[in-house]
Amino acid sequence: MSYQKKYLPLVLGVAIAAGIFIGGKLNFADAPDRLFSTNSKKDKLNRLIDYIDYDYVDDINTDSIVDVTVNGILENLDPHSVYIPKKDMERVAENMKGDFVGIGVSFYTYRDTITVIRSIENGPSAKAGIMGGDRIIMANGASLIGDSLNDGELVKKLKGPINTRVDLKVFRKGEPELLNFTVKRDNIPIKSVDAAYMLTEKLGYIKVNRFAESTYKEFKKGLTKLKTLGATEIALDLRDNPGGFLGIAEEMVDEFLEDDKLILFTKNKRGNIEKSYATRKGSFETGKVYVLINENSASASEIVAGALQDNDKGTIIGRRSYGKGLVQREMELGDGSAVRLTVSRYYTPTGRSIQRPYKNGNKDYFDEHFERLKSGELLDPEKIKVADSLRFTTPEGKTVFGGGGIIPDVFVPIDNSMQSETLMLIKNYQFFDNFVFRQLDKDRHAYDGISRRDFIDSFEVGEDWVYALQDYVNARVNVKITFVAYHTEVKQYLKATLADQLFGEGAYEEVFNQRDIMIDEVIKLSDANK
């Protein structure tokens with residue numbers, strides 16, 4: 001294939017994009033030779049869109065044509081340059097901002113009704129007196145019951161401008177009539193720090209699920225709490241964390257690194273390099289840190305792990321990370337939509353890029369997880385493929401590799417008992433959550449006398465729940481599922497889910513981590529560090 005033919009689709013695609021977003025409405029009286037001017041490509045596309053709008057035999061949503069075109073262009077660039085349609089922008093912005101305006105409830109649509117799982121602590125609904133198990137029947141006189149309303153539409157009816165009020169009618173078991181509540185909408189945090197608690201007398205644990213605008217403040221609050229409780233070591237859990245804002249990752253790393261240590265540097269297409277250094281504000285520079293990663297730890301998670309590993313600070317534990325070393329910038333497109341375009345690559349302090357190859361296309365790139373599973377890499381560190389040409393050395397002489405993720409200092413294989421296909425199917429389809437909610441809803445007062453600490457340390461889920469869950473799942477899937485080989489693991493998931501619905505605030509992680517082999521490894525390393 002010649003150079004021109006190989007890159008022709010990409011050149012045309014870029015020209016098309018320029019036509020869509022820069023070009024205006026065409027004047028149909030334009031002279032024919034304008035089609036062959038320097039702007040002929042964008043004029044052609046705009047003219048075609050106008051023809052379809054005005055003259056095509058059927059009504060066509062030309063916005064959808066534009067969306068398809070933009071996605072087609074971006075697919076020819078790299079796997080992480082993405083288009084965000086207008087309809088998705090609010091949700092994406094809320095997730096990255098770290099909060100939204102609402103009434104502050106976690107809910108489950110049960111028999112076509114909003115049923116409160118838990119009111120968020122100190123949120124508007126909790127202050128108003130709304131409790132777990134309450135059914136929200138009406139909001140400002142509008143019914144919230146029925147199959148015609150999906151979860152997104154229900155949420156919209158409960159959301160609104162900050163400090164506005166919404167009148168709710170609520171059904172509560174045991175009450176003869178509907179209850180009336182007036183709730184004042186407020187900013188509701190979308191937590192990015194799932195848990196911060198002590199694993200041992202000296203070892204604290206922080207679980208971070210993404211890097212949003214609010215993440216550093218949440219992390220700093222958790223770190224301060226653990227230091228107050230006596231933590232001299234921190235286990236920072238970044239497993240399954242897909243990343244987020246680069247600046248937030250830099251702030252987090254700064255808590256652990258001494259002044260003027262290099263955190264990372266970025267390089268753009270023009271060769272411009274920007275370096276980021278640690279400052280004097282770090283509050284845990286003398287403490288020991290363990291960073292937990294796995295095959296789904298990406299982007300900002302890898303920045304944290306790479307910066308600490310390359311500076312010989314702490315220990316990276318787990319499995320090879322995802323391998324995303326590209327930096328995106330979000331750019332508005334003028335109609336409420338946006339594009340996240342890759343604008344540079346980042347490099348760890350030793351100079352390594354951990355971006356894995358994507359020359360074979362997006363499908364192969366995103367399917368690499370299955371290749372890692374098939375090759376045995378998730379069970380055996382010897383199966384990790386490394387290129388000797390991408391070998392780097394840290395200041396203290398440790399060998400690290402670039403080219404496709406962060407390779408941990410201490411390898412921990414995937415736990416097939418806790419992450420079997422059966423259990424992952426049940427978890428991903430939220431069967432644990434829905435089943436536990438139904439069981440809890442039968443008699444919420446049965447747990448009134450159990451404290452959070454007693455529940456985590458001593459409560460046991462009975463065998464009857466395991467068999468009841470098995471029946472519940474089999475009534476809703478097309479395959480026959482049995483838990484014969486997974487009774488202990490199922491109980492752990494059930495107890496963790498029940499803890500979350502009863503207590504929230506990291507209770508799930510405290511229970512689940514009791515059977516986590518990576519946590520066990522961290523505790524062993526910490527004990528050996530005495």
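Which residue of β18 stands opposite Arg329? In this predicted model, the residue facing Arg329 is Leu341 in β18. The two strands around this pair can be followed along the chain, since β17 covers residues 326-332 and β18 covers residues 338-347, and they pair in the antiparallel sense over 7 bridges. Between the strands of this hairpin lie 5 residues, and in the hairpin Gly334 takes a positive phi near 95°.

From the hairpin we can turn to a sheet. This open sheet has 6 strands, which follow one another in the order β10-β11-β12-β15-β16-β21, and the pairing among them is mixed. At its edges stand β10, made of residues 193-198, and β21, made of residues 410-411; each has a single partner strand, so one side of each is left without a neighbour in the sheet. The partner of β10 is β11, residues 203-208, which runs antiparallel to β10 and is joined to it by 5 bridges. Within this pair of strands, Val193 stands opposite Val208 in β11.

Helices also meet this sheet. Helix α7, residues 215-228, lies across β10, β11 and β12, and runs at about 10° to β10. Helix α9, formed by residues 300-310, packs on the sheet as well, where it touches β12, β15 and β16, and its direction makes about 140° with that of β15.

Just before α9 in the chain there is a residue worth a pause. Ser299 is placed in the loop between β15 and α9. Is this residue buried or exposed? Ser299 has a relative accessibility of 9%, and because buried means under 20%, Ser299 counts as buried. Leaving aside residues up to four places away in sequence, Ser299 touches Pro242, Gly243, Gly244, Lys324 and Tyr346. One of these contacts, Tyr346, leads back to the hairpin, for β18 spans residues 338-347.

The last stop is helix α13, which consists of the 12 residues 431-442 and reaches 17 Å from its first C-alpha to its last, close to the 16 Å expected at 1.5 Å a residue. How much of α13 is covered? The helix is mostly covered, with 9 of its 12 residues buried. Among them are the phenylalanines Phe431, Phe432, Phe435 and Phe437, while Asn434, Gln439 and Asp441 are buried too. The surroundings of these buried residues include both strands and helices: they pack against β3, β4 and β5, and also against α12, α15 and α16.

How values were computed
Residues numbered from 1 in each chain as written. Predicted model: local features only at pLDDT ≥ 70, side-chain atom pairs only at ≥ 80, totals over all residues. Heavy atoms only, no water. Pairing = 2+ DSSP bridges. Helix = DSSP H or I, 4+ residues; strand = E, 2+ residues; numbered from the N terminus. Contact = heavy atoms within 4.5 Å. Axes fitted to C-alpha atoms, helices over the stretch in contact; angles between N-to-C directions. Expected span 1.5 Å × (residues − 1). Buried < 20%, exposed > 50% of the residue type's maximum accessible area, 1.4 Å probe, protein only.
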